[in-house]
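Biologist: I would be grateful for a close look at a single part of this model, namely its sheets. Please describe how the strands are arranged and what packs against them.

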Amino acid sequence: MLRANSLCKSYPTRSGDLPILTDVSVALDRGESAVIMGPSGSGKSTLLNILGTLESPDSGRLTIGDQDPFSLSGCDLARFRNQHVGFVFQDHHLLPQCSVLENVLLPTLAASNSDDCTAQAEELIEQVGLTNRSDHRPAELSGGERQRVAIARALINSPSVVLADEPTGNLDRRSAESVAQLLLALPAADGVVLIVVTHSELLADKFERKFDLLDGTLTPR
Ligand code: ADP
Ligand code: MG
């Protein structure tokens with residue numbers, strides 16, 4: 001479902017190119033999940049952004065399903081990302097002026113279908129345990145509740161890949177636990193590929209496949 005082959009990425013600096021990813025390969029089937037750990041600045045977010053097609057690699061190949069997303073041009077790539085990839089960030093990235101329901105529906109506005117997705121959004125909001133908060137704004141929710149909204153939003157377009165960058169980094173232990181449970185249930189329930197970046201050993205221990213990102217490459221731990 002998701003296959004990365006020899007991804008490389010460097011960023012230009014005043015003293016020359018700074019290599020971040022030197023040779024990253026990973027393959028995950030439908031329903032599989034993996035956790036990526038590694039020191040701050042090792043390139044975890046860069047890697048997740050490339051796997052989610054937000055950034056392109058300098059070289060190497062990514063396939064999601066049977067598509068090479070980077071062969072697509074701007075608009076087509078954005079549409080592909082909208083349809084196939086769900087993101088959960090450390091900071092929830094919810095729109096403050098929108099209700100929970102509206103936030104969950106946001107990704108459907110960009111999708112080119114004209115179906116009313118409200119029922120589906122309400123179902124996801126129920127799945128993350130926030131039915132009675134549907135009309136609330138993000139400011140009225142706890143950190144854990146906001147992350148659960150972010151998970152519902154990531155799922156609204158039925159993505160094949162869900163990527164979470166330190167999703168429990170800002171949460172207390174109990175909220176982190178409930179967010180982790182929701183994420184970990186996804187691969188089996190929806191057949192998605194799930195990749196989570198975390199500093200939490202507690203969260204990492206729940207994954208079958210664990211990797212360290214060190215010196216620009218992924219090594220199984
Ligand atoms: P991590 O998520 O593991 O903490 P990042 O992927 O955010 O690491 O960053 C890896 C390195 O790349 C850091 O040294 C960071 O400063 C650098 N970096 C990230 N994005 C950019 C960018 N757009 N331009 C230049 N350098 C960047
Ligand atoms: Mg990061």
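Modeller: Strand S1, residues 2-13, runs antiparallel to S2, and nine bridges join the two. Within this pairing, threonine 13 has glycine 16 of S2 opposite it. This is a predicted model, and the description that follows should be read as such.

S1 and S2 belong to an open sheet of three strands, ordered S2-S1-S4, with antiparallel pairing. Its edge strands are S2 (16-28) and S4 (59-64), each of which pairs on one side only. From one strand to the next, the twist averages 25 degrees. Helix H1, residues 44-51, packs on this sheet and touches S1, S2 and S4; the direction of H1 makes about 125 degrees with that of S1.

One residue of H1 shows this packing in detail. Threonine 46 is found in helix H1, and with a relative accessible area of 11% threonine 46 is buried, because the cut-off for burial is under 20%. Neighbours within four places in sequence left aside, threonine 46 is in contact with Lys9, Tyr11, Ile20, Leu21 and Glu55.

The second sheet is also open and has six strands, in the order S5-S6-S7-S3-S8-S9, with mixed pairing. At its edges stand S5 and strand S9 (217-220); each has a single partner strand, so one side of each is left without a neighbour in the sheet. Direction ignored, neighbouring strands here are turned by 20 degrees against each other on average.

The pairings can be followed from the S5 edge. S5 and S6 run parallel and are joined by four bridges, with valine 88 standing opposite alanine 164 in S6. S6 in turn pairs with strand S7, residues 193-197, in the parallel sense over five bridges; there, isoleucine 195 in S7 is the bridge partner of leucine 163. Between these two strands the chain crosses from S6 through helix H6, residues 173-190, to S7, and this β-α-β crossover is right-handed. Towards the other edge, strand S8 (residues 209-214) pairs with S9 in the antiparallel sense over four bridges, and proline 220 in S9 is the bridge partner of phenylalanine 211.

S6 deserves separate attention. Five of the five residues of this strand, residues 161-165, are buried, so S6 is largely enclosed by the rest of the structure. In a regular strand the side chains alternate between the two faces of the sheet. In S6, Val161, Leu163 and Asp165 point one way and Val162 and Ala164 the other way, and all are buried.

Helices also lie against the six-stranded sheet. H1, already met on the three-stranded sheet, lies across strand S3 (33-37), S5, S6, S7, S8 and S9, and runs at about 160 degrees to S6. H6 packs on the sheet as well, touching S3, S6 and S7, and its direction makes about 155 degrees with that of S7.

The surroundings of the S5 edge include helix H2, residues 74-84, in which Leu77, Phe80, Arg81 and Asn82 are buried. Among the elements that cover the buried residues of H2 are S4, strand S5 (85-88) and helix H3 (100-110). An aromatic pair also involves this part of the chain; the count for the model comes to one such pair. The ring centres of phenylalanine 87 and phenylalanine 89 are 5.6 Å apart and their planes stand at 10 degrees, so the pair is stacked. Phenylalanine 87, at 15% relative accessibility, counts as buried, whereas phenylalanine 89, with a relative accessible area of 22%, is partly exposed.

Finally, the sheets can be related to the nonpolar interior. In soluble globular proteins, nonpolar side chains tend to be buried together. The largest nonpolar core here has 36 residues, and Val104, Val149 and Leu183 have the most contacts inside it. At least two residues of this core come from each of S3, H3, helix H4 (118-127), helix H5 (143-155), S6, H6, S7 and helix H7 (201-204). The element that gives the most is H5, with six residues. Residues up to four places away in sequence not counted, valine 104 touches Ala121, Ile125, Val149, Ala152, Arg153 and Ile156. Apart from this core lies another, of 27 residues, including Leu7, Leu47, Ile50 and Ile195.

Key: Residues are numbered from 1 along each chain as its sequence is written. Chains are lettered from A and ligands numbered from 1 in the order in which they are written. This is a predicted model: local features need pLDDT of at least 70, side-chain atom pairs count only at pLDDT 80 or more; totals for chains, interfaces and linings use all residues. Side-chain values use heavy atoms; hydrogens and water are left out. Rings of Phe, Tyr and Trp (its six-membered ring) pair if their centres lie within 6.5 Å; planes under 30 degrees apart count as stacked, over 60 as edge-to-face and the rest as tilted. Buried means under 20% relative accessible area, exposed over 50%, partly exposed in between (1.4 Å probe, protein chains only). Two strands pair if DSSP finds at least two bridges between them. Axes are lines fitted to C-alpha atoms, for helices over the stretch in contact, and angles run from 0 to 180 degrees between N-to-C directions. Contact means heavy atoms within 4.5 Å. A crossover is right-handed if, with the strands pointing away from the viewer, the path from the first strand over the helix to the second runs clockwise. A nonpolar core is a set of buried Ala, Val, Leu, Ile, Met, Phe, Trp, Tyr and Cys residues joined through side-chain atoms within 4.5 Å.
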